[in-house]
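Trainee: I have a structure to read today. Please show me how to find its salt bridges.

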Protein chains: 2
Amino acid sequence: MAVEQDPKVQIEQSIEAGTKFCNIFYEHFDKTRHRIGKMYHDTAQLVWEGNGVVGKANIEKYLQDLPGCFHRLDWFDCQPILSQFTSGKETIVVATGGTVKYDSHPMRGFMQNFMLTNVDGTWKIITDSFRLQKTFVQS
Amino acid sequence: MAVEQDPKVQIEQSIEAGTKFCNIFYEHFDKTRHRIGKMYHDTAQLVWEGNGVVGKANIEKYLQDLPGCFHRLDWFDCQPILSQFTSGKETIVVATGGTVKYDSHPMRGFMQNFMLTNVDGTWKIITDSFRLQKTFVQS
C-alpha cells in the first residue's frame, strides 16, 4: 500500500493534470485526430452514445470514423481517486461539458467523463463515456 | 494481483450493479434523502456544480440542504474498471443524464458521474460529480 498523500495536494495535482489533459484531448480531437489514439490505454473502454468499444485500436478507428468537429468546453471537474482504492496507482476522474459542432450537424451540448491512470509519467485514458445532450421541452 | 475476469462478464456485472445503483440513488435523492448518505464511502468526494465537498458526513449535510427535487433519468452508462488498475478491488464508473426539477426552479437537464467501489458486497460511491446542463443558443 502506497503512503496516502494529503487529499488537498492530490486534488490540486488532479486539477493540474486534468487541465492539461482537456487541452490536449480536444485539440487532438478537433485538429489532429490521428494522434488521439495514443491518449488511450491498450485496454481502454469507450461508451459513445451508448455504443461500447473496447481496446485502443478499436477506439482509435471508431473516433477516426466520426465526422470533423469543433468542441467548446464550458466546464470540467477533476477528482483524484484516493490510493486506498487503487493500491497506489495514480488515478483521476475528469468530467467535461460544453458544446460540439459536427460537420453538417447543428451545434449540440455534450458531456464526457474520463478515468485516467498514470503509466510511467503519462496519463492514459482507461474509460471514456460520451453523450450528446438531449433537448427537452421546458416545463 | 487478482485473476482478471472476462471483460464481457465484467461489463454485464457493471450494468447490473449500475442499474440497481441508479434506481436506489435517485429514489433516495427524491423521496428519502435522509437515507442517501449511507451510499457514500467515508472518504467520498463530491463536486456539485463546481463546489467540492469531501467526506461522507459533509456530503450528507450538503445534499440534505438542497431543495426538494424530482429526477427523470434519460440514460446511464456503466463501465467496469479492469482489476489491473485497482489491484483487484471491484470498481465501476456510472454516468447518468436526464432532467431534474427543483422546487421553485424550472426543469433543467443534468449529468452526473459516479465511481463506485465494492465494500464487502455493497457498492459505495467514492467520487460523485454533478452538473446542470448549460443552455446555449443554437447556431
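Mentor: We will go through salt bridges, one pair at a time. Start with the ground rules: this is a predicted model, where local features need pLDDT of at least 70, side-chain atom pairs count only at pLDDT 80 or more, and totals for chains, interfaces and linings use all residues. Residues are numbered from 1 along each chain as its sequence is written, chains are lettered from A and ligands numbered from 1 in the order in which they are written, and side-chain values use heavy atoms, leaving out hydrogens and water.

Trainee: What is a salt bridge?

Mentor: Side chains of opposite charge can pair when their charged atoms come close. The rule asks for a side-chain nitrogen of Lys or Arg within 4 Å of a carboxyl oxygen of Asp or Glu.

Trainee: How many salt bridges are there over all chains?

Mentor: The count is twelve. In one of them, B:K8 pairs with B:E12, with the closest N and O atoms 3.4 Å apart.

Trainee: Where do B:K8 and B:E12 sit?

Mentor: Both are in helix 1 (residues 7-31) of chain B, four residues apart, so about one helical turn separates them. Helices are DSSP runs of H or I, at least four residues; strands are runs of E, at least two; both are numbered from the N terminus.

Trainee: Which pair crosses between chains?

Mentor: B:D77 and A:R131 form a salt bridge at 2.8 Å, N to O. The link runs from strand 3 (residues 69-81) of chain B to strand 6 (residues 122-132) of chain A.

Trainee: Is B:D77 buried or exposed?

Mentor: B:D77 is buried, at 5% relative accessible area. A:R131 is buried too, at 14%. Buried means under 20% relative accessible area, exposed over 50%, partly exposed in between (1.4 Å probe, protein chains only). By contrast, B:K8 is exposed at 57%.
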